[in-house]
Structure formats: structure tokens, C-alpha cells
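Q: Got a structure to go through with you. Can we start with the internal space and work out to the ligand?

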Amino acid sequence: MLPPGTTRHPWNDRFTWTLPDVEPTTITPQQRAAFDRDGYLALPGLLDQQTVDALVGDLDRLEAQVDAFLAGQEDGRFDIAESGAITFTLHAVLRSDAARNFARHPALVGLCHDLVGPDVNLYWDQAVYKKPEKPRRFPWHQDTGYTFVEPQHYLTCWVALTDATVDNGCPRVLPQVHREGTLLHEWIDPIGWQCIDGDPDGAVPVEIPAGGVIAFSSLTPHSTGPNTTDGVRKAYIVQFGADGMLAVDGDWEHGGEPTGRRTCDDPQRQFPVLRDGVPV
Ligand SMILES: O=C(O)CCC(=O)C(=O)O
């Protein structure tokens, strides 16, 4: 059911939610059924400390460069990022061995098999650090709301690098809405695309300790609250799409039809992780 006050994205017609027809290898049938129903799964303790430490080491270094860049911008801001509030360190796989190895971590590739299918590419990766100096919410959105893709579902793995709590801005998800496909989003300057205004009934905060992963569909509405603690909340977001997924271009905001479609297979940062069900 559509949440009150929302409508579908104009290119979201004839959508049917489906998961791949595979026997799960990494999650249980019950967990897969929960993902199918709710659009998300919390997986505490999925990663060992060594994996987390390697990622944090590299991502901290890359994030410091991003933060220094932001600090040199007018108002410390660039697009939706702001020094002291929230930083986005894009495509760490291009500059970090730990990130590149992580994209092929057996646990993640197993999730890809169970929740995307037998042929999967890395689609996007970014570290998101929420800083305590300027507490700020991240609005309710679907990841497919940022770039419309076909098929509309891909998998987002929100990896907790520090404990994520309500107080420091853990994700909140809205279950079951993924089944409607992509919703219409509105640009909220300067914080990002938004599909739901205010806090919807049924929203679930998902606290997760460092080393845990929240796996959700790119169609699952989610938001994060302000970080009101003294520490930085660190997450690494890794997204995986079915091989052949296309990014759709066009001015949907003004009633336009799709004008073009782009493949999502840049060999440097959108590489294969699974082919015919076998890790690459
Ligand atoms: O980690 C966060 O605070 C929000 C990030 C997010 O939802 C996203 O990048 O899509």
C-alpha cells in the first residue's frame, strides 16, 4: 500500500515486486521471506573485526580528503554534503584495496545471490559519515529515487562501521512499501531527495552494532536521524544490481519520458561479483 501523501514515480508503471527464483545460500528461507515481505533485514555480527578495521582505516583516510575539500567550499557545503554534518566518500573501490576486497566479501556476495540473483555487479559504493557538530536528518527516500533504474530493485547493504543507534542516526525503514516500486521524490535543498514528509506510521528504527549490515531493497524508504552524540557515526554503503540493470535518463520532474538508458558496468567501479551463481 502507498504511504499516505505519496504517489508513484511517473516511470513506475506495471511494477511487480519479485525476488530471484533461487535457493538461498547465505540467509535462511525465513530471513528471505522477511525481506520479501518487509524489504529489509538486519544482520548483526555479519563481519569480523579485522574486516571492519581494514575498511575504517582506508575510509577514514579517504573521508579526511573529502572533509578537507568541503571545508574549503562556501559554507563548507557541496551538493548534499556539509563539513561537520554529513560527508559522502564516493567510489572508495577506486582508491582502497580494503573497499575493493570488501565488495567481493563472501557474506555480501551470498546476500547478492539470495536477494538479487545469479548474475550481479557492484552498482555504487560510498562511505557516509554523520558528524556531531551540525546534527542533521537525512530525509525519507528510496535509493532508486536518486537514479531511476530498470529493473527497479537493487540491493543496498548499509554496513555499520561504528555502532549505529537512534541517538547517532541509525537507519529507519518503512516496511512493505518496496512492493509498490519507485515513489515520486521531491528535492529538499540542501538535504536531498524526499518521498515522504514527516515521520510515517510504521517506521522502524534499526539499531545495529559495528560489523552488522542492514540489507534493504533500493525500493525500501529509509531515513536517518540527526547525530546527537559526541562521536562520528560511520557507515559504508555498498549496492549491487542485476547484471544488465540500466540507469534511465530523462526529465521526469517535468513530465518527460525516458530519453536514454545507460549500462551500469564501469569495469573499474561496477565490476561483476557473481556470474551464474559463482563468485567472480
Ligand atoms: O547513512 C546515512 O545517514 C544515510 C545514507 C543514505 O540513506 C543513503 O546514502 O542513501
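Q: Which strands each supply at least two residues of the lining of the largest cavity?
A: β5 and β15 do. This is a predicted model, by the way.

Q: Which of them gives the most?
A: β5, with 3 residues.

Q: What is the volume of that largest cavity?
A: About 30 Å³. The search of the whole structure used a floor of 30 Å³ and turned up 1 cavity.

Q: Which residues line the largest cavity?
A: N121, L122, Y123, G241, A242, M245 and C264.

Q: How does that lining divide by class?
A: 5 nonpolar, 2 polar and no charged residues.

Q: OK, pockets. How much space lies in the largest pocket?
A: About 900 Å³. There are 38 lining residues, and F88, L90, W124, Q126 and Y146 are the closest to the centre of that pocket.

Q: Which element has the largest share of that lining?
A: α2, with 5 residues. α2 spans 49–71. Other elements that supply at least two residues each include β4 (86–90), β8 (155–160) and β17 (260–263). β5, β6, β14 and β15 are also among them.

Q: And the classes for the lining of the largest pocket?
A: 21 nonpolar, 11 polar and 6 charged.

Q: Where does the ligand sit?
A: In the largest pocket.

Q: Which elements give two or more residues to the shell around the ligand?
A: β5 (120–130), β6 (138–141), β14 (222–224) and β15 (233–242). The largest share is from β5, with 3 residues.

Q: Which residues surround the ligand?
A: Q126, V128, K130, F138, H141, D143, W158, H222, T224, R233 and I237. By class, that shell has 4 nonpolar, 4 polar and 3 charged residues.

Q: What about polar distances? Start with Q126: how far is an N or O atom in its side chain from a ligand oxygen?
A: 2.9 Å.

Q: And for D143 and R233?
A: For the D143 side chain, an N or O atom is 3.0 Å from an oxygen atom of the ligand. For the R233 side chain, the value is 2.8 Å, again to a ligand oxygen.

Q: How much of the ligand's accessible area does the protein cover?
A: 96% of the 290 Å² that the ligand has on its own.

Q: Back to pockets. How much space is in the second largest pocket?
A: About 260 Å³. It has 13 lining residues, with P3, P4, L174, V177 and D201 the closest to its centre. The lining has 9 nonpolar, 2 polar and 2 charged residues.

Q: Backbone check now. What kind of peptide bond joins E150 and P151?
A: A cis one, with omega at about -5°. P151 is in the loop between β7 (149–150) and β8.

Q: And the bond from D189 to P190, cis or trans?
A: Cis, with omega near 5°. P190 lies in the loop between β10 (186–188) and β11 (192–194).

Q: What is the phi of D75?
A: Positive, about 60°, although D75 is not a glycine.

Q: Where is D75 placed?
A: In the loop between α2 and β2 (77–78).

Conventions: Residues are numbered from 1 along each chain as its sequence is written. This is a predicted model: local features need pLDDT of at least 70, side-chain atom pairs count only at pLDDT 80 or more; totals for chains, interfaces and linings use all residues. Side-chain values use heavy atoms; hydrogens and water are left out. A residue is near a molecule or strand if one of its heavy atoms lies within 4 Å of it. A polar contact is a pair of N or O atoms within 3.5 Å; within protein, one must be able to donate a hydrogen and the other to accept it, and residues adjacent in sequence count only if both atoms are side-chain atoms. Accessible areas come from the Shrake-Rupley method with a 1.4 Å probe; for residues, only the protein chains shown count as cover. On a 1 Å grid over the protein atoms alone, a cavity is a set of points where a 1.4 Å probe fits but cannot get out, and a pocket is an open set with protein on both sides within 12 Å along at least five of seven lines; lining residues have an atom within 4 Å of a point. A molecule sits in a cavity or pocket if more than half of its atoms lie within 2 Å of its grid points. Helices (H or I, at least four residues) and strands (E, at least two) are DSSP runs, numbered from the N terminus. Ala, Val, Leu, Ile, Met, Phe, Trp, Tyr, Cys and Pro count as nonpolar, Asp, Glu, Lys and Arg as charged, and the others, Gly among them, as polar. Grid points are joined across faces, edges and corners, and a volume is the space filled by probe spheres set on the points.
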